[in-house]
Amino acid sequence: MNLRETEISNKPIFEGKLIDLNVETISLPNGKTATREIVKHPDASAAIAINDEKKMLLVKQWREPIKQLTLEIPAGLIDETDASPLDAMKRELNEEGGYKAEYWEKVSEFYTSVGFCDEKIHLFYCDTLSKIENKRPLDEDEFLTQEWYSLPELKQLIASGEIMDAKTVMAITFWENMILTGNQSND
């Protein structure tokens, strides 16, 4: 069976600073029509940042859509000043963590919520970290703190519901798999 949906029309509903909302009329595989609300969102980069003590960097910040504090890996939008997703992540690691890394490896890219949004996150692993003397300032509307966690601590934070951010859960899973397959040591 052909599962492809075909766009018939696309109506912009809202154009914002961060997101745009379009309503599409589509033709279904059975010939009927349906409506899809699509959020257009810029791509982002995120990092599994591991220090010499084999701990992962997380940031704690308030997230207004869910009205609570979250623990997340460093991440940020890819903007017009970035030559690549990796450049964006290097900038964000500087801004959010105050670090630079000697080793970088792209481990994945994924869509955050394919049912309504086109946001893609590029996930990087980095280690051999060092503190930056001239840390870039956070965005004007950004307030966060940093904390380092071991893999067992991270798994406990997921189990207790203290980590609920999908990109962070995915990053922890990737890191654990890297350790289990020998692609990253945890001595």
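In which sense do strand β4 and strand β9 pair, and over how many bridges? In this predicted model, β4 (residues 44-49) and β9 (residues 120-131) run in the parallel sense and are joined over six bridges. Within this pairing, Ala 47 finds its bridge partner in β9 at Phe 124. Helix α1 (residues 85-97) packs on the sheet to which these strands belong, with contacts to β4, β7, β8 and β9, and its direction makes about 120° with that of β8. Helix α3 (residues 166-180) also packs on the sheet and touches β4, β7, β8 and β9, in this case with a direction at about 110° to that of β8.

The sheet itself is open and has four strands, in the order β7-β4-β9-β8, with mixed pairing. Its edges are formed by β7 (75-77) and β8 (99-111), each of which pairs on one side only. On average, and with direction ignored, neighbouring strands here are turned by 25° against each other.

A helpful landmark comes from the sequence record. An unreviewed UniProt entry places the feature "domain: Nudix hydrolase" at residues 39-171. Over residues 39-171, the chain is 21% helix and 41% strand, and the C-alpha atoms at the two ends are 24 Å apart.

Another open sheet is built from three strands in the order β1-β2-β3, and its pairing is antiparallel. Here β1 (6-15) and β3 (33-40) stand at the edges with a single partner strand each, so one side of each has no neighbour in the sheet. From one strand to the next, the twist averages 20°. Eight bridges connect strand β2 (residues 20-27) with β3 in the antiparallel sense, and Asn 22 has Ile 38 of β3 as its bridge partner.

Two individual residues help the reader find the way around this part of the chain. Glu 15 lies in strand β1 and is exposed, with a relative accessible area of 64%. Between Glu 15 and Val 39 there are 10.0 Å in space, C-alpha to C-alpha, for a separation of 24 residues in sequence. His 41, by contrast, sits in the loop between β3 and β4. Is His 41 buried or exposed? At a relative accessibility of 15%, His 41 counts as buried, because the cut-off for a buried residue is under 20%. Apart from neighbours within four places in sequence, His 41 is in contact with Leu 18, Ile 19, Leu 77, Cys 117, Asp 118 and Glu 119.

Attention can now turn to the interior. The largest nonpolar core has 23 residues, and those touching the most other members are Ile 48, Met 56, Leu 58, Leu 154 and Trp 175. Two or more residues of this core come from each of β4, β5 (56-63), β9, α2 (151-159) and α3. Of these elements, α3 gives the most, with five residues. Met 56 illustrates how such a residue is surrounded: when neighbours within four places in sequence are left aside, its contacts are Ile 48, Ala 49, Ile 50, Ile 73, Glu 147, Trp 148, Tyr 149, Leu 154, Ala 171, Ile 172 and Trp 175. A second core, separate from the largest one, has twelve residues, among them Met 89, Phe 124, Cys 126 and Leu 129.

Aromatic rings add further detail, with three aromatic pairs in the structure. One of them is the edge-to-face pair of Tyr 103 and Tyr 125, with 6.2 Å from centre to centre and 65° between the planes. Since Tyr 103 belongs to strand β8 and Tyr 125 to strand β9, the pair ties together parts that are 22 residues apart in sequence. Tyr 103 is partly exposed, with a relative accessible area of 37%, whereas Tyr 125 is buried at 1%. What is the geometry of the rings of Trp 104 and Phe 124? Their centres are 6.3 Å apart and their planes stand at 85°, so this pair is edge-to-face. The pair links distant parts of the chain, with Trp 104 in strand β8 and Phe 124 in strand β9, 20 residues apart. Trp 104 and Phe 124 are both buried. Phe 124 thus brings several threads together: besides its ring pair with Trp 104, Phe 124 is the bridge partner of Ala 47 and is included in the second core.

How values were computed:
Residues numbered from 1 in each chain as written. Predicted model: local features only at pLDDT ≥ 70, side-chain atom pairs only at ≥ 80, totals over all residues. Heavy atoms only, no water. Pairing = 2+ DSSP bridges. Axes fitted to C-alpha atoms, helices over the stretch in contact; angles between N-to-C directions. UniProt positions renumbered as here; feature names shortened; annotations may be inferred. Contact = heavy atoms within 4.5 Å. Core = buried A, V, L, I, M, F, W, Y, C linked by side-chain atoms within 4.5 Å. Buried < 20%, exposed > 50% of the residue type's maximum accessible area, 1.4 Å probe, protein only. Phe/Tyr/Trp six-rings, centres within 6.5 Å; stacked < 30°, edge-to-face > 60°.
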